[in-house]
Protein chains: 2
Amino acid sequence: MGKGITKRSEDYSAWYNELVKQADLAENSPVRGCMVIKPHGYAIWEKMQAVLDQKFKETGHYNAYFPIFIPKSYFSKEASHVEGFAKECAVVTHYRLKNNPQGEGVIVDPEAKLEEELIVRPTSETVIWDSYKNWIQSYRDLPILLNQWANVVRWEMRTRLFLRTAEFLWQEGHTAHATKQEAEEEAIQMMHVYADFVENYMAVPVLRGVKTESERFAGALETYCIEALMQDGKALQAGTSHFLGQNFAKAFDVKFADKNGKLEYVWGTSWGVSTRLMGALIMAHSDDNGLVLPPKLAPTQVVIIPIFRNADELEAIAEVANQLVADLRAQDITVTFDKRDTYKPGWKFAEYEQKGVPVRIAIGPRDLANNQVEVARRDTKEKQAMSLEGLAAAIKILLDDIQQNLLVKALAFRKENTSYVDSYNEFKQVLEEKGGFIYAHWDGSAETEELIKNETKATIRLIPLEEGEPGTCMVTGKPSKQRVVFAKAY
Amino acid sequence: MGKGITKRSEDYSAWYNELVKQADLAENSPVRGCMVIKPHGYAIWEKMQAVLDQKFKETGHYNAYFPIFIPKSYFSKEASHVEGFAKECAVVTHYRLKNNPQGEGVIVDPEAKLEEELIVRPTSETVIWDSYKNWIQSYRDLPILLNQWANVVRWEMRTRLFLRTAEFLWQEGHTAHATKQEAEEEAIQMMHVYADFVENYMAVPVLRGVKTESERFAGALETYCIEALMQDGKALQAGTSHFLGQNFAKAFDVKFADKNGKLEYVWGTSWGVSTRLMGALIMAHSDDNGLVLPPKLAPTQVVIIPIFRNADELEAIAEVANQLVADLRAQDITVTFDKRDTYKPGWKFAEYEQKGVPVRIAIGPRDLANNQVEVARRDTKEKQAMSLEGLAAAIKILLDDIQQNLLVKALAFRKENTSYVDSYNEFKQVLEEKGGFIYAHWDGSAETEELIKNETKATIRLIPLEEGEPGTCMVTGKPSKQRVVFAKAY
């Protein structure tokens with residue numbers, strides 16, 4: 001723990017960068033655009049993984065693992081896919097170093113050149129559908145419902161910790177189905193699985209919808225997505241689920257015999273969320289004092305800090321604290337009793353505040369005398385004296401309350417920062433002055449979408465799933481089926 | 001499920017390859033030397049990960065994540081490290097593809113050449129110690145006890161599924177300490193953590209010891225290891241734990257101020273196990289009918305198969321089976337009730353046998369009439385009728401018995417295949433006719449070790465931790481402090 005961080009109101013971007021560093025979540029590595037995820041950050045990611053993994057398994061999916069390298073030629077097999085990913089990939093061309101004959105160090109051995117270059121996977125559709133070709137013969141082999149937890153690389157030019165990094169961690173689901181309907185239902189189901197996770201664990205409300213054609217995944221017929229709103233009024237795409245149609249089946253010649261023996265191309269989906277969710281989590285709730293974590297994803301939910309001047313006082317406090325630790329653990333609450341004497345209580349308060357521990361319990365000699373403790377909640381910073389009697393049960397209720405409060409607060413923020421506009425001038429004004437989600441009518445053309453993007457930097461985040469009222473495009477006046485959601489985005 | 005597999009006695013190597021494929025564990029990918037880990041194989045690996053991860057956390061370690069790419073120059077910083085890894089690494093030289101101006105497909109964009117090439121990590125000491133330099137200032141920052149679960153790449157020329165692949169999954173622990181003693185104790189502790197896991201979960205007994213200098217990890221002062229014996233009499237290195245001394249601290253200039261303010265180099269360890277353990281698990285227990293799994297690592301511990309001729313019979317069986325499923329789950333036993341009517345019972349029997357499910361329960365109409373079921377254990381293939389009364393508790397005991405039996409059997413096999421020899425002729429004869437672990441005296445020189453290796457293909461697997469009786473080298477007649485363990489190895 002060290003210095004304070006820049007205020008959000010002064011420089012939101014600096015606030016984020018400093019918070020990530022000060023809360024010990026991640027840092028830049030010596031390799032351009034790649035990050036080191038530090039233990040505190042990784043512990044949060046592990047909690048996310050555990051919940052998501054269970055949700056995937058509950059919906060019938062199995063984990064597997066496919067190679068990190070993809071032969072270059074595979075990318076060319078699905079035309080729009082190569083277009084989408086070729087410009088940002090790490091290419092392996094050699095498989096050996098050797099001592100530098102002209103001096104120090106090592107050089108790439110020119111004799112160890114690969115016949116075909118390998119791409120470090122930016123996503124795995126191609127290599128997975130190449131396997132599915134061998135795994136699928138008949139309708140009996142379907143559906144295939146797989147997921148993999150993996151690292152992927154996309155050579156982004158401008159990177160930011162968690163939000164956009166050259167290497168990131170993610171899960172990618174890849175499913176194969178006998179019918180179009182089943183594949184579409186799968187893609188929609190996974191969008192809802194993601195939304196449930198983000199809302200009920202991350203305490204971040206999301207909009208659900210589909211992307212416009214120009215924002216779709218390279219190779220998909222439909223991209224379902226969830227979009228969250230950050231405190232600076234910018235949107236963040238939190239997860240996507242793609243209905244791939246038969247595109248990859250055709251590219252990799254994956255057919256199955258139906259019950260009548262007729263050969264058909266297989267239908268596919270893919271879906272993913274990544275360490276980008278860490279960025280969303282940080283930006284949705286945190287404040288000028290540091291990280292604020294929803295209890296369900298906090299590696300440590302409660303910290304107990306003794307206030308003592310000598311060993312006798314510490315001993316008396318420790319007796320009570322150790323019992324409290326046992327009581328809290330019995331309620332499945334993760335708790336740390338920080339009795340280090342190398343740091344002062346004030347330093348510890350600031351440390352755990354910055355790291356986002358949801359509940360802090362301080363115990364001093366006077367508290368002991370009164371059979372009580374001081375309980376501070378991280379989200380509202382309220383402090384209250386609470387009796388030791390039944391404390392563990394009360395803390396459990398408090399943690400639930402914090403979890404709930406973060407979602408309610410984020411919902412209120414989103415409501416405040418959602419606008420409905422009918423003219424392009426109003427649109428530009430709202431975007432400039434307020435930001436947030438803007439519901440407006442659009443004529444459905446890529447040209448108008450592009451024009452708005454170029455003039456305002458706002459993109460269509462999604463077309464809502466619920467049918468809306470028709471109207472006229474705010475830019476061209478042409479007919480619009482329903483309002484779509486615009487925002488500037490991460 | 002399909003064909004049978006080659007017998008071990010006919011062709012052990014073919015047996016292994018076919019088993020891995022038939023049991024649906026893994027297969028080769030289109031990328032040379034890289035494997036696809038299929039759902040059944042990955043589910044076993046996940047169980048291994050869960051147990052190991054818990055053991056690491058119980059011993060005070062935290063997970064983190066470091067980049068997959070390492071700048072080329074980092075490798076040259078620790079001299080023996082670059083010597084050990086430079087010859088087998090994947091090198092990223094470019095960061096973009098572009099459309100082929102001369103025709104179809106994509107080519108590497110020559111303008112997108114990296115200034116410094118990046119190595120796909122074969123292991124992460126260099127990039128991690130580079131971070132530690134920034135994290136460590138004083139003794140208060142020590143120890144650092146980190147682990148990461150990751151993929152790594154070593155460009156092996158001859159690959160075999162799980163045993164030796166270009167890409168593999170592993171965990172790598174990297175710790176930093178203030179004293180030599182603490183680092184040595186950490187390295188030894190982790191060797192024991194690995195040994196406990198392999199013996200008590202994989203049911204594979206291991207020898208514990210240290211490597212000779214020539215077999216040490218590139219950059220270590222001491223490599224602790226565990227060695228297991230496979231059914232063909234060859235040894236398999238199952239895990240290593242390295243005491244790094246101050247080598248990487250010196251290479252990356254990592255110093256700390258001790259309590260008196262004096263600057264000292266930090267002491268380090270690293271330790272890892274990989275998907276290679278899957279190979280050990282398969283080869284240690286499996287038979288000519290397929291995979292044999294210890295219950296503690298079996299994704300499905302019990303399968304229930306109904307024997308029925310019509311829907312009425314199935315319904316009656318299902319009623320009993322569903323209750324049994326509930327009873328088994330209440331005992332924390334993982335169970336599948338396979339009531340598919342698309343496959344016959346005989347087909348299912350063979351399928352689950354090949355996949356290594358430890359216990360199979362068959363229920364037919366006659367069993368129902370007698371209030372009993374037929375229980376078959378995979379390890380010994382014994383079948384017995386068991387009463388439905390108290391069956392779940394009896395199955396739990398049976399699973400423990402299978403777990404125990406596999407270890408006892410493997411211990412007996414190792415005992416049978418362990419020899420003590422005193423002359424080089426006898427050594428060669430035992431190695432040729434019997435294989436296994438051979439305890440023999442060696443003069444401690446790299447030359448003699450090399451000579452034996454060249455002449456017999458046997459290597460010194462380890463120097464046992466327990467002190468042994470002195471003697472004279474079987475090759476040179478020079479003094480030997482204690483017997484060391486030789487074997488041919490994977």
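The crossing of helices α9(A) and α12(A) is right-handed, a word used when the near helix is turned clockwise from the far one by less than a right angle (anticlockwise would be left-handed). Before we look further, note that this is a predicted model, in which local features need pLDDT of at least 70 and side-chain atom pairs count only at pLDDT 80 or more, while totals for chains, interfaces and linings use all residues. Residues are numbered from 1 along each chain as its sequence is written, and chains are lettered from A and ligands numbered from 1 in the order in which they are written.

**Two helices that meet**

Helix α9 covers residues 311-330 of chain A and helix α12 covers residues 391-416 of chain A; their axes come within 9 Å and cross at roughly 50°. Because of that angle, α9(A) is oblique to α12(A); angles under 35 degrees would count as roughly parallel, over 145 as roughly antiparallel, and 65 to 115 as roughly perpendicular, with the rest oblique. The axes are lines fitted to C-alpha atoms, for helices over the stretch in contact, and angles run from 0 to 180 degrees between N-to-C directions.

Which residues in α9(A) meet α12(A)? They are A:L324, A:D327, A:L328 and A:A330, and their partners in α12(A) are A:L391, A:A392 and A:I395. Residues are in contact if their C-beta atoms, placed from the backbone, lie within 7 Å. By class, this helix contact has six nonpolar, no polar and one charged residues. Here Ala, Val, Leu, Ile, Met, Phe, Trp, Tyr, Cys and Pro count as nonpolar, Asp, Glu, Lys and Arg as charged, and the others, Gly among them, as polar.

**Chain A as a whole**

Chain A holds 14 helices and 27 strands. These are DSSP runs numbered from the N terminus: helices are H or I with at least four residues, and strands are E with at least two. Of the 490 residues of chain A, 47% count as buried, meaning that 20 or more other C-beta atoms, placed from the backbone, lie within 10 Å of a residue's own (12 or fewer is exposed, and in between is partly exposed). Strand β13(A), residues 235-245, is mostly covered, with ten of its eleven residues buried.

**Strands side by side**

Strands pair if DSSP finds at least two bridges between them. Here are some of the pairs.

| Strands | Direction | Bridges | One facing pair |
|---|---|---|---|
| β12(A) and β13(A) | antiparallel | eight | A:Y224 and A:S241 |
| β13(A) and β16(A) | antiparallel | five | A:S241 and A:W271 |
| β5(A) and β5(B) | antiparallel | three | A:H94 and B:V91 |
| β17(B) and β19(B) | parallel | five | B:V302 and B:V359 |

The hairpin of β12(A) and β13(A) has five residues between the strands, and A:G233 takes a positive phi near 80° there.

In chain B, five strands form an open sheet with mixed pairing, in the order β18-β17-β19-β20-β21. Its edge strands are β18(B) and β21(B), each pairing on one side only. From one strand to the next, the twist averages 25°. Helix α10(B), residues 345-355, packs on this sheet and touches β17 and β19 of chain B; its direction makes about 170° with that of β17(B).

**Where the chains touch**

The contact takes 55 residues from chain B and 55 residues from chain A. On the chain B side, they divide into 33 nonpolar, ten polar and twelve charged.

Notes. Contact = placed C-beta atoms within 7 Å.
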